[in-house]
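Me: I'd like a close look at just one part of this model: a single strand residue and whatever is packed around it. Can you walk me through it and then zoom out a bit?

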Amino acid sequence: MDTSAQERTQKFVSARKQHPAWLLLASPRAPLVLGCLTSLFENTEDGIAEEDALQSLSEMLAAYASQDEYDIDPGNTRLLAGKELRQWIKRGLVIERGQRIYATDALSSAIQFVELLDERIMTSTSSRLLVVQREIEELEVGLNPNPASRKDAIRRKIKQLEAELADVEAGHIPVLSHDQAIERIRELYGLAAGLRADFRRVEDSWREADRVLRQTIMSEKYHRGDIVDRLLDGQSDLLNTPEGRVFDSFQQQLRQRVELDNMRMRLRAILSNSAAEKALNRAQQADLRWITLRLVRESHSVLQARARSERDVKGFLKTGLAAEHHRVGNLLTEIMNVALEMDWSSQKVRRTDTPLPPVGITLGYVPAAERLRFKSLEDDAEGELDLSAKSTDFSDLDPEFWDALEGLDREAMVADTLAVLAAVGKPMTIADLVEKLPPVHDLETLALWLGMAREAGIDIQDINMQEVVLVDEDEQHWLFRVPWVALSAEALDDIEWEF
């Protein structure tokens with residue numbers, strides 16, 4: 001047998017025994033576990049509660065208990081769900097921390113593999129060839145230090161851009177054909193789906209680094225400086241990985257809101273093309289439409305994992321510093337106890353040279369040694385916590401308490417707004433909407449209308465401002481200056497609103 005085939009086979013055998021994604025796909029209850037975890041982690045930012053995962057998995061097992069292939073006892077689905085969840089936590093498919101469950105890159109790989117079984121994103125040979133040729137050319141130019149070669153490459157680009165500009169000025173604007181547009185949209189979707197996997201790998205790497213750092217702290221073999229160095233070096237090493245550089249680039253874009261807004265607008269324009277319906281199904285179109293929002297959520301999870309390590313180190317530093325202060329205080333106490341035992345009535349003793357600096361505290365009635373003694377809390381008695389239940393009457397609560405609980409029903413307001421726009425049949429400004437729908441929650445309602453316009457891609461004119469006057473329940477008049485924008489039922493139609 002070929003050596004390369006043996007090595008590859010050995011690698012696959014090892015992955016079959018150790019990789020969590022392969023273990024899950026090979027397990028008899030893989031469809032149930034995957035379906036349950038996929039729905040739970042789909043719209044979460046900070047993991048899910050372990051109890052929620054256990055309850056959802058128990059309901060899933062109960063729903064398929066009648067099928068013999070899954071070997072499920074209908075009377076013990078709760079116990080079986082707990083056993084199944086603990087098994088995948090132990091194998092590293094999910095992570096448990098603080099009674100919450102977090103997804104890993106292995107789970108994302110398993111989900112992506114199953115979803116692509118009947119929805120393979122393929123590109124044509126010509127499309128792949130163009131990508132390869134373009135990458136070869138750019139890589140060759142980037143690796144060649146010859147100035148003449150670099151000048152020739154730049155001149156070729158300038159000449160090509162000038163030719164394209166001349167065509168556009170002449171009215172010849174070439175666009176992608178329908179088939180080419182489908183191929184490019186599928187390529188874009190494949191790259192965008194890979195970004196979420198990159199972010200998940202960064203999160204897994206940070207959690208692993210956090211685990212190693214915790215073990216280092218608990219071993220008590222390193223002082224505080226070494227712990228800080230390990231934290232900083234670990235973060236630097238993670239950012240130098242390929243997926244770390246992708247995450248760092250996205251974080252830099254987050255600081256430039258204009259870039260993110262432009263990305264959303266371009267994605268909306270791409271998905272409005274007729275080729276998008278042929279290239280992607282509805283679920284894939286929704287994934288691509290909200291890819292920016294989901295990347296922001298993934299980056300938030302990564303930052304939370306990194307912040308956890310920083311909090312651990314900060315707590316370790318504070319604890320170590322307090323312990324050092326205590327040890328220094330005990331040492332000073334021993335020195336002062338020895339000083340108290342000396343005969344200070346002797347003038348010879350008082351005039352003896354000492355390495356300790358003089359004390360400049362004006363406490364004449366307190367001996368000098370007592371002023372320097374370290375004071376420690378000797379009474380270690382702790383008061384008992386009062387955990388008894390307290391009852392109160394709701395009528396005793398202030399009206400401000402109930403007012404704080406009231407908020408704008410965003411879903412109902414969006415529905416009312418769309419209904420008014422459809423009934424009027426023409427674009428309406430915010431001032432027109434205020435007349436038709438007098439807002440109870442003024443700032444929230446105005447912000448919601450502006451957000452709807454921004455989501456629909458409607459032009460918001462910040463230069464032309466409208467003045468809207470609202471009267472509250474105390475007959476006080478409030479003046480709001482809002483940008484001029486015209487909302488219409490056609491522009492807001494077919495948008496999936498997230499609340």
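**A strand residue and its surroundings**

Reply: Let's start with V94, which counts as buried because its relative accessibility is 2%, where the cut-off for buried is under 20%. Bear in mind that this is a predicted model.

V94 sits in strand β2. Leaving aside residues up to four places away in sequence, V94 touches L37, F41, W88, I89, I101, Y102, T104 and L107. There's also a C-alpha distance to check: V94 and A106 are 12 residues apart along the chain, and their C-alpha atoms are 8.3 Å apart.

Now the strand itself. β2 is joined by 4 bridges to β3, residues 100-103, and the two run antiparallel. Within that pairing, R97 has R100 of β3 as its bridge partner. Step back and you get an open sheet of 3 strands, ordered β1-β3-β2, with antiparallel pairing. β1 (48-49) and β2 (94-97) are the edge strands, each pairing on one side only.

Next, the packing. The largest nonpolar core has 29 residues, and L24, F41 and L107 are the members that touch the most others in it. Several elements each supply at least two residues: α2 (20-26), α3 (30-41), α4 (50-63), α5 (77-90), β3 and α6 (105-115). The largest share comes from α3, with 6 residues. Two of those well-connected members, F41 and L107, are also on the contact list of V94. As for L24, its contacts, again skipping residues up to four places away in sequence, are A30, V33, L34, W88, L93, L107 and A110. Apart from this core lies another one of 25 residues, including L421, I460, V485 and L492.

For contrast, have a look at the surface. V328, L331, L332 and I335 make a nonpolar patch of about 330 Å² there. One of these, L331, is found in helix α15, which covers residues 291-340.

Finally, the whole chain. The protein chain has 22 helices and 5 strands. Of its 499 residues, 28% are buried. Its accessible surface is about 34100 Å², and carbon and sulfur atoms account for 54% of that. If you count contacts between residues at least 6 apart in sequence, 69% of them join residues at least 24 apart.

Methods
Residues are numbered from 1 along each chain as its sequence is written. This is a predicted model: local features need pLDDT of at least 70, side-chain atom pairs count only at pLDDT 80 or more; totals for chains, interfaces and linings use all residues. Side-chain values use heavy atoms; hydrogens and water are left out. Two strands pair if DSSP finds at least two bridges between them. Buried means under 20% relative accessible area, exposed over 50%, partly exposed in between (1.4 Å probe, protein chains only). Contact means heavy atoms within 4.5 Å. Accessible areas come from the Shrake-Rupley method with a 1.4 Å probe; for residues, only the protein chains shown count as cover. Patches are made of residues with over 30% relative accessible area and no salt bridge: like charges are joined within 9 Å, nonpolar side chains (Val, Leu, Ile, Met, Phe, Trp, Tyr) within 5 Å. A salt bridge is a side-chain nitrogen of Lys or Arg within 4 Å of a carboxyl oxygen of Asp or Glu. A nonpolar core is a set of buried Ala, Val, Leu, Ile, Met, Phe, Trp, Tyr and Cys residues joined through side-chain atoms within 4.5 Å.
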